[in-house]
Amino acid sequence: MTTLSTKAHSEPAVYVYEAPVRLWHWINAAAITVLAITGYFIGSPLPSLSGEASDYYLMGYIRFAHFAAGYVLAFGLLGRAYWAIVGNSHAREIFLHNILKPSYWGGLWHELKWYLFLTKEPRKYSGHNPLAIFMMHWMYVWGTVFMIFTGFAMYGEGTGEGSWAHSLFTVWLIPLFGQSQDVHTWHHLVMWWIIIFVIIHVYVAIREDIMSRQSIVSSMISGWRTFKDEGKIDND
Amino acid sequence: MPETFYDVMRRQGITRRSFLKFCSLTAAAMGLSPIYAGKIAHAMENKPRIPVLWLHGLECTCCSESFIRSAHPLAKDVILSMISLDYDDTIMAAAGHEAEAIVDETIAKHKGKFILACEGNPGLEEENTGGMSCIIAGKPYTEQLRHAANNAMAIISWGSCASWGCVQAAAPNPTGATPIHKVPGIGNAPIIKVPGCPPIAEVMTAVITYMLTFERLPEMDRQGRPKMFYSQRIHDKCYRRPHFDAGQFVEKWDDEAARKGYCLYKMGCKGPTTYNACSTIRWNGGLSFPIQAGHPCIGCSEDGFWDKGSFYDRLTTINDFGIEANADEVGMGAAAVVGGAVAAHAAISALKRTQNKGDHES
């Protein structure tokens, strides 16, 4: 039988994710889950129901859930962007980051080496590491913006001429892509792009939580980033 | 003074009663209020017929076939007399040099005052390769088109050929077939697109009637299609829509659902992405339209509909990946690859971690 070998040590902590950011993260995660599942079933519907059409409204409910979650995603992103302006500096990271700083690319390179098992320890960041910023900005933020724009363009096709979605999105976006069918195809492809982001995001968050010297998953619940040792925080 | 429409109609034995019926039906088809029936009647009684040159490029003549079947009460005699159809090689009796001379004559006589109706499109590859894909009276169609277009008051792009390119412009488009609005050097005459393969007969005649009555082009959307017929999708007004909302679909051509007339979405219906008036105006005098006959919409009035994969798949085939796939197959494949990579990475990470621990202990 082994004895517990943890020695007494201090765990420095930094408050990183403010309440609105945390709230947004989990609401947004739920919205994406609903959007991906309902979206898939709009493209490839469930097996046909028999009986009277007036007894069912299955596609109607699926589409309603998709549109409702779409609104949550869109206004969530707007709210999150607002918080990037008024919140702390960490709230800005995924939207705006100085990519001209050599230290950013140095950090990104180091993080890549860490994932390729070429270095023994990752650097420590109180906010996102440079690779995380890269992925969240390019895969997540722009992927979501794309989905919101194409999504509302198709939504406007249904609400019709004169509706805000039609005037703001449909009129210019559909001709830009060629035709409605192309917008549908791209909306599907980018759904998978976001699903791939989610796979990587969840894996990396859990892995970092276990293998690096800092908390990840619990930080998005409590807001505090704790470090498992007193080594210096690299940041950038 | 040249004959008015009304004169022509009366000469052809059409009663005033039928004439007024035609006017009110046309007003209704265009979504105008009943008072416009009077305006249409007034215009037809007083305005001289607009000269129309109807030129044919690369096409199959289905637009003409549709047009002559316009089912309005007076269609078969009057629609063709409404306009002064000075030249249409498909349906005119004349042929040869004298018939061809009419084109130049009309252009010279009515410079800037005639409507150019384009059925089909030119193959621009002729100019690059010197090959021949559309020669009319010994000259490339492109030349005839440019000459007429530069002197026209307005251009009507009949059908998907003239509007988007249609089948002859489908990949790999060997003749360089190009829709009218993209042909270089055709001048600045406004272009109205009336897409469809073919367009609905009543839509074609209504567009002409509108232009005659109001002496301007009908209101158009950003893509140049008349809003009154192309602002809604087939899906929006489809009589099978309640089955879509309920989740009742045809799964096979001969299943019970097909017999009951359920939604054809899963059979590849393009109704949700196709802007046209088939589900309201319908075809052959309002008798039916493809979905009513049990076949999914193939999206024939949409840009490049030949290149969007099978008519019977809801999701577009994406050929850029070298294999036949749709967005879901591509996405799922990519997700599986990433998922596999993540699993492998996790395994290596776990292995490394135990190794490192071993290092610490030793």
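**Reading two pockets, a helix pair and a buried asparagine**

Modeller: The largest pocket holds about 1,300 Å³ of space, and since this is a predicted model, every value we discuss is computed from it.

Colleague: Which residues lie nearest the centre of the largest pocket, and how many residues line it?

Modeller: Its lining consists of 45 residues, and those nearest the centre are A:M136, A:I200, A:H201, A:V202 and A:V204.

Colleague: Which helices supply at least two residues each to that lining, and which of them gives the most?

Modeller: From chain A they are α1 (19-43), α4 (102-115), α5 (130-159) and α7 (180-211), and chain B joins them with α15 (327-361). The greatest contribution comes from α7(A), with 11 residues. Sorted by class, the lining of the largest pocket has 33 nonpolar, nine polar and three charged residues.

Colleague: How much space lies in the second largest pocket, and which residues are closest to its centre?

Modeller: The second largest pocket holds about 920 Å³, and of the 41 residues lining it, A:I42, A:H66, A:F67, A:M154 and A:H187 are the closest to its centre. At least two residues each come from α1, α2 (58-86), α5 and α7 of chain A and from α12 (241-246) of chain B, while α5(A) gives the most, with 10 residues. By class, this lining has 21 nonpolar, 15 polar and five charged residues.

Colleague: Helices α5 and α7 of chain A appear in the lists for the largest pocket and for the second largest pocket. How should I read a pair of helices?

Modeller: Two packed helices are described by the angle between their axes and by the distance between those axes. Here the axes of α5(A) and α7(A) come within 9 Å and cross at roughly 150°, and the crossing is left-handed. Their contact, by class, has 17 nonpolar, eight polar and one charged residues.

Colleague: Let us turn to a single residue of chain B. Where does B:N121 lie, and is B:N121 buried or exposed?

Modeller: B:N121 sits in the loop between β3 (115-119) and α7 (125-129) of chain B. To judge burial, we compare relative accessible area with a cut-off, and a residue under 20% is called buried. B:N121 therefore counts as buried, because its relative accessibility is 0%.

Colleague: What does the side chain of B:N121 reach, and with which side chain does it make a polar contact?

Modeller: The side chain of B:N121 reaches the backbone oxygen of B:C161 at 2.8 Å, and it also makes a polar contact with the side chain of B:Q168, at 3.2 Å.

Note on methods
Residues numbered from 1 in each chain as written. Chains lettered and ligands numbered in written order. Predicted model: local features only at pLDDT ≥ 70, side-chain atom pairs only at ≥ 80, totals over all residues. Heavy atoms only, no water. 1 Å grid on protein atoms, 1.4 Å probe; cavity = no way out; pocket = protein on both sides within 12 Å on 5 of 7 lines; lining within 4 Å. Points joined across faces, edges and corners; volume = space filled by probe spheres on them. Helix = DSSP H or I, 4+ residues; strand = E, 2+ residues; numbered from the N terminus. Nonpolar A, V, L, I, M, F, W, Y, C, P; charged D, E, K, R; others polar. Axes fitted to C-alpha atoms, helices over the stretch in contact; angles between N-to-C directions. Left-handed = near helix turned anticlockwise from the far one by under 90°. Buried < 20%, exposed > 50% of the residue type's maximum accessible area, 1.4 Å probe, protein only. Polar contact = N/O pair within 3.5 Å; in protein donor to acceptor, adjacent residues only side chain to side chain.
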